[in-house]
Amino acid sequence: MPRDIKVALEIPSLVEVAEEAGNFETLLSLVEEAGLTTTLQFLGPYTAFAPTDEAFANLGVDAGSLSTEELTFILTYHVIADAEIASGDLQAQQTVASAAGEDLYITAGEEGVFVNGNSEVISPDVDAANGIIHVVDNVLLPNAFLNNVQVAQKNYNFTTLVDLIVDADLVETVATTELTVFAPTNDAFEALFAEVDPTSLSAQQIEDILFYHTVMGTILSGDLQTQQTVESTLGEDLYITVNGEVGVNGNSTVVAADIQSTSGVIHAVDNVLLPNELLNTVEVAQKNYNFTTLVSLISDAGLADAVASNEITVFAPTNDAFDALFETVDASSLTGDQIEDILLYHTILGAQVPSTALAPEQTVESGSGESLYITADNGGVVVNGSSNVITADITSGSDGTIHVIDSVLLPNAFQDITAIAQKNYDLSTLVGLLVDFELVETLQGDGPFTVFAPTNAAFEAIESVVAGLTEEQIVDVLTYHVLAANVESGDLQPTQTVEMLNEQEITITVSGGIVTIEDANGDTPEVIVADLIGTNGVIHIIDAVLVPAL
């Protein structure tokens, strides 16, 4: 009924209706104390949810302890301005803004009409000249008077979350600890449980999921950076991005931000955030905004299923690492097979290798079949001599381990022979001598070159001899290991004599699958690793130093 008709019929105002009812004395006294009597008597139209005297008695809060501002905030939270909403007009679920500016959550069904989950409309549709009254059996409190759990309990979108918190016996923890809660909606949980049977989750797993949605302290959306990693109370990282909207872990969007309470703040999210224990290795990588390039390449190469479903260790380059590579290598020039080879070179298949299991030096076969050279000491873990592990031991629930690295690992086919040598900790003495005697640039040339590369142990064996050599003689020794041709093991004849860069000869012999090299002194070092083939030649690792005629 329009308000002017109600006035003409001398229907009493909201205040007068409450006065006549006789069970709203507390409400009326508080309205008067807050200076709202005139407003509620002569202005409107309003929809008012009116708590009874019993409702105020059950509140357990001394109204006299509230400031006028607090009292006004609570009272206006019971009012919807500029609208008369009859019970028959209500939807099954609806959110409406109160006159206080904060939302009310209303549900209507066979069990009745409820506001904020716990306040029942016990007498609906009481007509007044300037609005309509619905009598409720509990006082409605704004978020500023409630903890995180109570704020969530108000909202019909969070019933699944609240039920899980209750079942996990975490109500007191969440209610009394200052937390930022990323709260999945019912729809988010429904989508998860369509894929994961909730009865298959243990109590511990559910507790882990819940704690993974919380962060100690209060983080408002305005405090967020474009990209940031925060530690959840589970101890596992959440990856947050801000780009017009707030995203969490790459697949979850904040759909309602900054719902503050007495114990922190809630951000509603549209997907459930899962800890690593419930994800495969690809899904763990997809969370992290630092791995978007890596994940895209894995997907494009058709390797997602292989990485996700196998026991695996992944050395995962960051986006910055790929950016640095693509400044020197045109990504569009790489074939699909080359990209696959690079990606597989970052994996160890069939094994989870935690950082604690690493030896000071070890060589392991990568998924591409080519060796990775790993060193581990107090300074950290380094792969191939130049790529540092900056975050170790990110494990997945599908037997995967990720170690984050700061540069891309390249197979030999993409590197010259100096870069191939630099990878291998067993060749560090040789590399150091090449640098000291300015031979690196020579071996980075077009070539082709074949290098017979002595190990560190080989140089140690003649350390006293080297110490007595002149610089010119040392250069002579080093160039005695380089042939100006590309000679792979399959190209070798049973016996052949070749001239090296220092213009002295060696004799190569192949017998019973073993390759030996006779130097000017009659010594016969053996090839222990053959055919490290690069862009400008090949390296064969030998177990002793070739000594020319000096």
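In the predicted model, the accessible surface of the protein chain amounts to about 25400 Å², and carbon and sulfur atoms account for 47% of this area. Of the 550 residues of the chain, 47% count as buried. The C-alpha atoms occupy a box of roughly 120 × 40 × 40 Å when the principal axes are used as the frame, and the radius of gyration is 37 Å, whereas a compact globule of 550 residues would have a value near 24 Å. The secondary structure of the chain consists of 22 helices and 28 strands. Among contacts between residues at least 6 apart in sequence, 64% join residues that are at least 24 apart. The charged side chains comprise 5 positive and 83 negative ones, and the centres of these two sets are separated by 22 Å.

Two pairs of residues illustrate how separation along the sequence may be set beside separation in space. Aspartate 62, which lies in the loop between α5 (53-59) and α6, is 440 residues away from asparagine 502 in sequence, and the C-alpha atoms of the two are 98 Å apart. Aspartate 62 is classed as exposed because its relative accessible area is 54%, and the cut-off for this class is over 50%. Isoleucine 405 and proline 317, by contrast, are 88 residues apart in sequence, while their C-alpha atoms are 4.9 Å apart in space.

Isoleucine 405 belongs to strand β21, which spans residues 400-405. With a relative accessibility of 0%, isoleucine 405 counts as buried, since the cut-off for burial is under 20%. When neighbours within four places in sequence are left aside, the residues in contact with isoleucine 405 are Phe315, Ala316, Pro317, Thr318, Ala321, His346, Ser387, Asn388, Val389 and Ile390.

One of these contacts, Ala321, is among the buried residues of helix α15 (residues 319-328), together with Asn319, Phe322 and Leu325. These buried residues lie on the same side of α15, because they cover an arc of only 155° around the axis. The other side of the helix carries Asp320, Glu327 and Thr328, which are exposed. The buried residues of α15 pack against α13, β15 (312-317) and β21. A general property of helices is helpful here: an α-helix has 3.6 residues a turn, so residues three or four places apart point the same way.

Helix α16 (residues 336-344) has Ile339, Ile342 and Leu343 as its buried residues. They are placed on the same side of α16 because the arc that they cover around the axis is only 100°. The elements that cover these residues include α13 (292-300) and β16 (347-349). Helix α13 is thus found both among the elements covering the buried residues of α16 and among those against which the buried residues of α15 pack. In helix α6 (residues 68-76), the buried residues are Leu71, Ile74, Leu75 and Thr76, and their cover includes α3 (25-33) and β2 (79-81).

Several loops contain further local features of the backbone. As a general background, most residues other than glycine have a negative phi, and most peptide bonds are trans. Asparagine 116, in the loop between β5 (112-115) and β6 (119-128), has a positive phi near 60° although it is not a glycine. Glutamate 503, in the loop between β24 (495-499) and β25 (505-511), likewise has a positive phi, in this case near 70°. Asparagine 116 counts as buried, with a relative accessibility of 4%, whereas glutamate 503 is exposed, with a relative accessible area of 63%. A cis peptide bond, with omega at about 5°, joins glycine 447 and proline 448, and proline 448 is located in the loop between α19 (440-443) and β22 (449-454).

Strand β22 is also one of the two elements that flank the loop of threonine 455, the other being α20 (456-461). Threonine 455 counts as buried at a relative accessibility of 12%. Apart from residues up to four places away in sequence, threonine 455 touches Asp426, Leu427, Ile528, Ile541 and Ile542.

Terms used
Residues numbered from 1 in each chain as written. Predicted model: local features only at pLDDT ≥ 70, side-chain atom pairs only at ≥ 80, totals over all residues. Heavy atoms only, no water. Helix = DSSP H or I, 4+ residues; strand = E, 2+ residues; numbered from the N terminus. Rg over C-alpha atoms; globule rule 2.2 N^0.38 Å. Buried < 20%, exposed > 50% of the residue type's maximum accessible area, 1.4 Å probe, protein only. Contact = heavy atoms within 4.5 Å. Areas by Shrake-Rupley, 256 points an atom, 1.4 Å probe, with all protein chains shown as cover. Lys, Arg positive; Asp, Glu negative; His and termini not counted. Charge placed at Lys NZ, Arg CZ, Asp CG, Glu CD. Arc of directions from axis to C-beta.
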